[in-house]
Amino acid sequence: MATVALGSVAARAPVNTGSRVLMIDGLRGIAAMAIAWHHFAQYWPLSDSAQPVLTDLLTLVHDYARVAQVFFVIGGFVMARSMSRRRWTGSEVGRFVLYRYCRLGLPYLAVIGLAIGACAVGRGYLPEELVGAPPTLPQVLAHAVFLQDILGYGSLSAGLWFVCINFQLGLMYALILWMRDTVSGHQGAKCSRWRRDASLAMGFVLSATSLFYFNLNERWSIWCVYFFAEFFLGVLAQLALQNATTRKWFGWYVLLMATGIAFQWRWRLVTSLGVGLLLYFSERLEVRQQWSTSGIISRLGRISYSLFLIHFPVFIIVASIWLRFEWGTPWQTLVGLGIAFIASLIAAEAFYRLVEESAARLSRALT
């Protein structure tokens, strides 16, 4: 969402915005597809039935395709670009919260309704561990305010924790910017540099705390502090492209993350660091201009959030049909997984047009 005010922007060749956005769309699309297949490999009985055919592949996807952190790095990168130069007041933070709730929350609420319906269809065919018990009103209300994990309610669909963390990260970053601008009103001539360094320092401290404390304990994974270091990597990658001084901060931050990985190996941090460096160097070295102008890549990126949300209800429906007709041989199950993926792409396109685009328009209109 945002970040710090910067001084003079370093002179560079004109930015190929379309290529840059295409690269980000490509990363988002790949990450969303990987997460969908991670869930397909994780949830039985289809994954179990397909094991004799795809044993090694399903194990690989299950272990390494959980890449939601890619979205956190990209989110920080995009937020820094769009919000860094704005001055933040209390009312700005309030409008931001409304915008983010409409933008993230309305598609999220819509897919919860679809997931409840899909699980109702699958109940009786699929194991209770997958479809769960019928939801209660407190459980639904907790989901509506992004508090289900914090309050201890079971999730009504796969991956909803990501939306809650994403909302928390945006709010925390907006508050950092608000604190920066509230205090900097008394700094006089040195205000511009102070504003930049103050928010960078706050982010650095929070990230170090995240890397060496919160991120080492899974019980903190329901809070954004668990993922803040990955988010702030994206923020610094964007800011480093705009200001020579901030590049030093970025270099030190890369070293901090590498130290955190050496302190305790975490595959998700390695993935995040790789994505952050890719975002920075592809822009810095203008590798972005070598990306294809494929409309498929662009479209996958645009529907990535819809795909992330919708693939679980689609999977539940397909799995229910397969169990209803007892199509349980390895090859039949493999066909079912393929159909679930293709159907998820089609459903994501429809969901994007009918729900996500409408939510985006409403969020802009309200704020």
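**Figure 1. V163, a buried residue of helix 8.** In this predicted model, V163 is buried, with a relative accessible area of 1%. Its place is in helix 8, which covers residues 160–184. Setting aside residues up to four places away in sequence, V163 touches L104, Y108, F146, Y305 and L309. Take a moment to find Y108 here: 55 residues separate it from V163 in sequence, yet the two C-alpha atoms are 7.5 Å apart in space.

**Figure 2. F146, in the loop after helix 6.** We met F146 above as one of the residues touched by V163. F146 sits in the loop between helix 6 and helix 7 (148–151). Its phi is near 60°, a positive value in a residue other than glycine. Is F146 buried or exposed? With a relative accessible area of 5%, F146 is buried.

**Figure 3. The two sides of helix 6.** Helix 6 spans residues 137–144, and its buried residues include Q139, A142 and H143. These three lie on the same side of helix 6, because the arc they cover around the axis is only 100°. Turned away from that buried side is a face carrying the exposed residues L137 and L141. As a general reminder, an α-helix has 3.6 residues a turn, so residues three or four places apart point the same way.

**Figure 4. Helix 13, with a buried face and an exposed one.** In helix 13 (residues 295–302), S298, L300 and G301 are buried. Looking down the axis of helix 13, you will find its buried residues within an arc of 165°, so they line one face of the helix. The exposed residues G295 and I296 are carried on the face turned away from the buried side of helix 13.

**Figure 5. Helix 10 beside helix 12.** Here helix 10 (residues 228–240) meets helix 12 (residues 267–284), their axes coming within 9 Å and crossing at roughly 15°. The two helices are therefore roughly parallel to each other. Their crossing is right-handed. Helix 10 contributes E230, L233, A237 and A240 to the contact, while helix 12 brings R268, L269, S272, L273, G276 and Y280. Sorted by class, the contact has 6 nonpolar, 2 polar and 2 charged residues.

**Figure 6. S272, a buried serine in helix 12.** This close-up stays with helix 12, where S272 is found. S272 counts as buried, at 0% relative accessibility. Which residues does S272 touch, not counting those up to four places away in sequence? They are Q69, V73, E230 and L233. Of these, E230 and L233 belong to the helix 10 side of the contact in the previous view.

**Figure 7. N215, in the loop leading to helix 10.** N215 is found in the loop between helix 9 (191–212) and helix 10. Its relative accessibility is 2%, so N215 counts as buried. Leaving aside neighbours within four places in sequence, N215 is in contact with S210, Y226, E230, R266, R268 and L269. From N215 to F227 the distance is 7.0 Å, C-alpha to C-alpha, and the two are 12 residues apart in sequence.

**Figure 8. Helix 4 packed against helix 15.** Helix 4 (residues 90–122) and helix 15 (residues 330–366) pack at an angle of about 155°, and their axes are 8 Å apart. Helix 4 is therefore roughly antiparallel to helix 15. The crossing of this pair is right-handed. From helix 4, the contact residues are L98, Y99, C102, R103, L106, P107, A110, V111 and L114. Helix 15 answers with F351, V355, E356, A359, A360, L362, S363, R364 and L366. In this contact, 14 residues are nonpolar, 1 is polar and 3 are charged.

**Figure 9. E326, an exposed residue in the loop before helix 15.** E326 lies in the loop between helix 14 (304–324) and helix 15. Although E326 is not a glycine, it has a positive phi of about 55°. E326 is exposed, with a relative accessible area of 70%.

**Figure 10. The whole chain, for orientation.** Stepping back, the protein chain has 15 helices and 0 strands. Of its 367 residues, 50% count as buried. Among contacts between residues at least 6 apart in sequence, 80% join residues at least 24 apart.

How values were computed: Residues are numbered from 1 along each chain as its sequence is written. This is a predicted model: local features need pLDDT of at least 70, side-chain atom pairs count only at pLDDT 80 or more; totals for chains, interfaces and linings use all residues. Side-chain values use heavy atoms; hydrogens and water are left out. Axes are lines fitted to C-alpha atoms, for helices over the stretch in contact, and angles run from 0 to 180 degrees between N-to-C directions. Helices (H or I, at least four residues) and strands (E, at least two) are DSSP runs, numbered from the N terminus. Angles under 35 degrees count as roughly parallel, over 145 as roughly antiparallel, 65 to 115 as roughly perpendicular and the rest as oblique. A crossing is left-handed if the near helix is turned anticlockwise from the far one by less than a right angle, and right-handed if clockwise. Contact means heavy atoms within 4.5 Å. Ala, Val, Leu, Ile, Met, Phe, Trp, Tyr, Cys and Pro count as nonpolar, Asp, Glu, Lys and Arg as charged, and the others, Gly among them, as polar. Buried means under 20% relative accessible area, exposed over 50%, partly exposed in between (1.4 Å probe, protein chains only). The arc is that of the directions from the helix axis to the C-beta atoms.
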